[in-house]
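I opened the file today to go through a few strands, helices and cores. My entries follow in the order in which I looked things up.

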Amino acid sequence: MTQDQNEPVGGERRVLSRRTVLTTVGAVSVAAVAVAARATDAAAAAANINPSAQRQTIKGYGAMVHAAWIGDLTAAQRTTAFSTGEGQLGFSLLRIPVNETQANWSLDLATARRAVELGVTVFASPWNPPASMTETFTRGNQTNARRLRASAYGAYAQHLNDFTTHMRNNGVNLYAISVQNEPDYAAEWTWWTAAEMTRFLRENAGSISTRVIAPESFQYIKSMSDPILNDSAALANVDIIGAHLYGTPYSNFPYPLFKQRGAGKELWMTEVYYPNSNTNSGDAWPEALDVGEHVHRAMVDAEFQAYVWWYLRRSYGPMREDGQVSKRGAMMAHFSRFVRPGYVRIDATANPASNVYVSAYRNGDTVVIVAINKNTSSVSQQFTLSGSNSSASVANWLTDASRTVARQGALTMSNGSLTVTLPARSVMTFVTSLTGTSTPTPTATPPITPTPTPTNPGGPGPRVAYTMNSWNSGFTASISITNTGSSTINGWTLAFTLPSGQSITSGWNATYSPSSGQVNATNVSYNGTLAPGATVGIGFQATHTGNTAEPTAFTLNGVPCTVV
């Protein structure tokens, strides 16, 4: 992707024909939706949700900033983008560019640092290598096509490493770095063939000091990524199969070969805008509902773990130029504010009625349901939660023509069943509990929590499972905490000691202090209550200096835990 038309920065240009035409492929126009979405007040089939049937782990939702092209976010806009309160986007992923010139490497640093402070995962993509590493060639009718010289592959890997080091030295530990943005649609940047990409991964990517993303095909063209999946040496040196979805029809969203060969790898959608980039279209309604369906399809049909928009702040983006959340942004916020990193998508009836789309996610005891109604009339929709016989409060938020992620009155799920009227042309997010305990509410700032009482809540003591995923100089850790006692825990702190050389850089679902040595992980506002038998999931990202040992002992509120 490059600059769009009518940019405020001088000298920039954008030809929209490719994007505008391609995004109609496989999509349904607003007019067609209006015809197809007939009035339907009749009850839809039940949307059955199975918390035990787990699918992909969600890494997050986010967007791109590119200060060199459209200017940086303001401090207030950063807070709106990466915090989870009312009127905010709750983005947990940030994509930044790898500029070919080192002098420009800090242009996006202020936003990246603030994102890290708010627990956001940052990754980067290059458009071009340094000019000294490229050569021109003839590609079809393009006589000045650009590619990386084969003799410069090693130097280019070092260039990506140097950017990673620069960011790390300035307070931003990149989660991953891409080899190339859209190597198969590169008339304005650097071309790569699938064979060149596979060779680079096989021979050079192993020296890169963070996770590697490839190939970031502009249209999720499988012939770009199939060779990587079919080459064991190349696959060993890539961590994330990245793709863009410009004009990709929904029928091409599934990727059977990735399911067959991609064990241990991640699958991310790293760039899109949808359905178009028309000026001032971010608030167009009901067009914005197409974004909601697109996110749904990316999660359910494609089983992506990440969904990343193009420019974060743009007239057609999730944040308007005035810094307010647009209707398109609201579609993303219905996912991003509530489905946080580490949540797992669970089975749900994806299409219980014509033009109704449902997906569901779980983290410990918490279940999040996102329901999209593209019909022109309301729909009575029943949700059934298998394995739940309790009654639970259901927090819920609504976006329609007149409301934007507006909190509604609490509902009640009885014996695992809830029936809701989905307003015409709307999106709703529901947050509930499997066991009837209190449900989470998004929060933008660290909350004040009850002082934990260091007493055994009854029974054999809490249970902790610690899962570590490490790479060259970093790792992530996922921790599940289960209350095995007979009494509810109100407010908790999990204490453990990180081995020497390990240091936490960001975390989720808990506050961590200090970052190394003996660490205390304290609940946040929405997960401080642990009923008997309830489990909460937390986690963090950290660096290491070669020691990837795991903590050997944990205490919860001073009570020794059983480690499983």
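Which residue in β4 does P97 stand opposite? I looked it up in the model, which is a predicted one. P97 faces S125 of β4.

**Strand β3 and its partners.** I then followed the chain onward from β3: the path to β4 goes through helix α5, residues 109-117, and the β-α-β crossover is right-handed. Strands β3 and β4 (residues 121-126) run parallel, and I noted 6 bridges between them. I also checked β2, residues 60-64, which is joined to β3 by 3 bridges, again with the two strands parallel. Within that pairing, A63 has L94 of β3 as its bridge partner. Next I asked how many residues of β3 are buried. For this strand, residues 93-98, I have 6 of 6 down as buried.

**A110 in helix α5.** I picked A110, which lies in α5. Is A110 buried, exposed or partly exposed? Its relative accessible area is 38%, and because buried means under 20% and exposed over 50%, I entered A110 as partly exposed. Setting aside neighbours within four places in sequence, I found A110 in contact with D72 and R78. I also took the C-alpha to C-alpha distance from A110 to G171: the two are 10.0 Å apart in space and 61 residues apart in sequence.

**Helix α12.** I went on to residues 327-336, helix α12, where 10 of the 10 residues are buried. My list of the buried ones includes charged-type names as well as others: among them are K327, R328, M331, M332, H334 and F335. What reaches the backbone nitrogen of R328 at the start of α12? I found a side-chain oxygen of S326 there, within 3.3 Å of that nitrogen.

**Nonpolar cores.** I noted beforehand that in soluble globular proteins nonpolar side chains tend to be buried together. Here the largest nonpolar core has 105 residues. Which residues have the most contacts inside this core? I wrote down L201, M299, F304, Y307, W310 and L312. I followed up Y307, again without neighbours within four places in sequence, and its contacts include G60, Y61 and G62, as well as M269, V272, M299 and M332. Of these, M332 is one of the buried residues of α12. Apart from the largest core I logged another, of 27 residues, with A477, W492, F496 and L530 among them.

How values were computed
Residues numbered from 1 in each chain as written. Predicted model: local features only at pLDDT ≥ 70, side-chain atom pairs only at ≥ 80, totals over all residues. Heavy atoms only, no water. Buried < 20%, exposed > 50% of the residue type's maximum accessible area, 1.4 Å probe, protein only. Helix = DSSP H or I, 4+ residues; strand = E, 2+ residues; numbered from the N terminus. Pairing = 2+ DSSP bridges. Right-handed = clockwise from strand over helix to strand, strands pointing away. Polar contact = N/O pair within 3.5 Å; in protein donor to acceptor, adjacent residues only side chain to side chain. Contact = heavy atoms within 4.5 Å. Core = buried A, V, L, I, M, F, W, Y, C linked by side-chain atoms within 4.5 Å.
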